[in-house]
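Let's go through a structure by asking how each label was earned. Have a look at it first, then follow the questions.

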Amino acid sequence: MRLLLPLLLLGGLAPSTVRAQAQPGPTPRHTFALGPNQFLLDGQPLQMISGELHYPRIPREAWRARLKMAKAMGLNTIGTYVFWNVHEPQPGKYDFTGNNDVAAFVKMAQEEGLWVILRPSPYVCAEWEFGGYPYWLQNVPGLKVRSQEPQYVAAYKRYIEAVGKQLAPLQVNHGGPVLMVQVENEYGSYGADKQYLALNKKLFEDAGFDGLLYTCDPARDVAAGHLPGLLPAVNGIDKPSQVRKIVQTNHDGQGPYYIAEWYPAWFDWWGTPHHTVPAARYTAPLDSVLKAGLSINMYMFHGGTTRGFMNGANFKGDTTHYEPQVSSYDYDAPLDEAGNATAKYRAFRDVIAKYRPANQPLPPVPAAKPAVALPALQLTRSASLLDQLPTPVASPKPLTFEALKQAYGFVLYRTTVPAGGGSKMLKIRDLRDYAVVLVNGKRVGTLDRRLRQDSLRLTLPAGAVQLDILVENLGRINFGKYLLQNNKGITNSVVLGGKELTGWRMYGLPFDQAPTVAKASGAAPAASSGPVLRSATFPVATPTDTYLDLRQWGKGSVWVNGHNLGRYWAIGPQQTLYVPAEWLRKGANDITVLELLKPEQATLPTLDHPILSELTQLQP
């Protein structure tokens, strides 16, 4: 069968090749259509061998290197979501610059000879905060995501039109590399409203997406999530006979056949082992899919890093703990977090190579990026977080992040408890998600939604007491019916000794910019002190990848040269934070750490490799 495959099978008519042949002059437009069994590019069969990678999870300076790695593994297509909360962080304020310049990413893929599958649904899941939705949707009374509710539709329409201005001109029928555009995302796992799906299709078309549209759903949910007239892609299975049967059942007995999410790996969440899946389990299925002529998209080909506070979480109600995901999106993918080839990459490359036309050998695999261990960093500058507070907002009752118009990060809730002293039970109703509790500036305990903790016994001194509760948003739920229950902070009330506390001042700490520490402190903070900011300036001779070794630290976040590298937490599995060479400078570099639980810690070693497997149980 391999000998019969046309040159188009693996990108023989690649977008960069076409562009080169057409110079000078405009980039030629192509047709991309559904045949009864194959996708048809300019009337000829095209088998897409795609890999998913997400532009916000990769430093912009490294995009091209990742795309070259995709090409060298034998991919001819890449898939990416488009993230609403990245592009419209506040209502009507759009950002398509820097690392958010998705059009530049798509154009770069074309320059590297890769086609693109675009997934701009407002809902992406993707282990991403709120499934990609901007937090402010929750501030609109009555708005219901993934529905025909008018306020949601209006916000959706404005957003998809902004995306269309960026990306609709890059469809293949306009000379770009975008072959197909996905409508909604695994909607069958959430609902079955065909009118809502039809509304999605119209909104996409009105925004300029006039090429080939499709839906994708897990195998069991295709019937609910498919819109008649569009191609139903299938997620999560790789037996060609099953894929054909499901697609044909929902598509008038015809193909073509596209596995939109094929999972040769999985993601991690805090407090569980690092997930790994041997390549040997997936080489034979990949071979069978390619041999059968099906198109496929690996989720993920390269995960990268969910930096800042953009990780999501899973939650299934009372039967399952809240499960916030870690910052590393390594995913045990073929390309590791730093963009280097793994054994899985090489095994998949060998399979794909079998289906290359003889005159199209694979490009050589680029050399691995070097990584180094720098001398241990001494974070000599420090400041108590309680001394770095902004102007508060006052309210009789505690306000949520949303009511404070704050998307991510932390809020410090402060009140004064009247004189009395003694032992009393503190209860926070509906805490979301993690709290450090302080009495007169001293840490007395923590509460963790993952562990269903909401109460803490306090021993209070005589006289009036300042009670502080520092609450961290660990990530909004990104999947399932609980999307509409994603408020953060103290979402109900605080009760002490059976009496509800009032008179709150709330200090917003979104950390949307890297915090600064002006000067060195005097005495080292005590272990019982509150959260601390620590910083230092360190030299780098040659910018090279490195990993911050946080095994001796407690819980917090790290910024290097203004970039938020993500969260760390001693409970694992992630024990290091990846520092890309692209974000280091020759000469002086700045680092700041927000440490919640071990304020006395000041030494930060580095490694030349990540640690994603160790698990410990951190005691408050």
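Q: What makes two strands count as a pair?
A: Two strands pair if DSSP finds at least two bridges between them. The strands themselves are DSSP runs of E with at least two residues, while helices are runs of H or I with at least four residues, and both are numbered from the N terminus. This is a predicted model, so local features need pLDDT of at least 70 and side-chain atom pairs count only at pLDDT 80 or more, while totals for chains, interfaces and linings use all residues. Residues are numbered from 1 along each chain as its sequence is written, and side-chain values use heavy atoms, with hydrogens and water left out.

Q: What is the strand order of the open sheet of five strands?
A: The order is β15-β28-β33-β30-β31, and the pairing is antiparallel. β15 (381–384) and β31 (563–569) each have a single partner strand, so these two are the edges, and one side of each has no neighbour in the sheet. From one strand to the next, the twist averages 20 degrees (axes are lines fitted to C-alpha atoms, for helices over the stretch in contact, and angles run from 0 to 180 degrees between N-to-C directions).

Q: How do you know that β15 and β28 pair?
A: Count the bridges: β15 and β28 (residues 532–540) share four, in the antiparallel sense, and the cut-off is at least two. Therefore they qualify as a pair. Among the bridge partners, Arg 381 has Ser 535 in β28.

Q: What makes β20 and β21 a pair?
A: Strand β20 (residues 434–439) and β21 are joined antiparallel over six bridges, set against a minimum of two. Val 436, for example, has Thr 446 of β21 as its bridge partner. Two residues lie between the strands of this hairpin, and Asn 440 has a positive phi there, near 50 degrees.

Q: Why is β21 called largely enclosed by the rest of the structure?
A: Buried means under 20% relative accessible area, exposed means over 50%, and partly exposed is in between (1.4 Å probe, protein chains only). Five of the seven residues of β21 (residues 442–448) are buried, so the strand earns that description.

Q: Why is Asp 549 called buried?
A: Its relative accessibility is 8%, and the limit is under 20%, so Asp 549 passes. You'll find Asp 549 in strand β29 (residues 546–549).

Q: What makes the link between Asp 549 and Arg 551 a polar contact?
A: The side chains of Asp 549 and Arg 551 come to 2.7 Å. A polar contact is a pair of N or O atoms within 3.5 Å; within protein, one must be able to donate a hydrogen and the other to accept it, and residues adjacent in sequence count only if both atoms are side-chain atoms.

Q: Why is Glu 472 called buried, and what does Glu 472 contact?
A: Glu 472 has a relative accessible area of 2%, so the under 20% test is met. Glu 472 is in strand β23 (residues 465–472). Contact means heavy atoms within 4.5 Å, and beyond neighbours within four places in sequence, the contacts of Glu 472 include Phe 410, Tyr 434 and Arg 567.

Q: Why is Val 102 called buried?
A: With a relative accessible area of 0%, Val 102 is buried. Val 102 belongs to helix α4 (residues 102–111). Leaving aside neighbours within four places in sequence, Val 102 touches Tyr 55, Val 82, His 87, Phe 96 and Leu 167.

Q: How do you know that the buried residues of α8 line one face?
A: The buried residues of α8 (residues 240–250) are Pro 240, Val 243, Ile 246, Val 247 and Asn 250. Down the helix axis they fall within an arc of 135 degrees, so they line one face (the arc is that of the directions from the helix axis to the C-beta atoms). On the other side, Ser 241, Lys 245 and Thr 249 are exposed. The cover over the buried residues includes α7 (222–225) and β9 (231–235).

Q: What makes the protein as compact as a globular protein of its length?
A: The protein has ten helices and 35 strands. Its radius of gyration is 25 Å, close to the 25 Å from the globule rule for 620 residues, so the description fits. The radius is taken over C-alpha atoms, and the rule is 2.2 Å times the number of residues to the power 0.38. Buried residues make up 60% of the 620.
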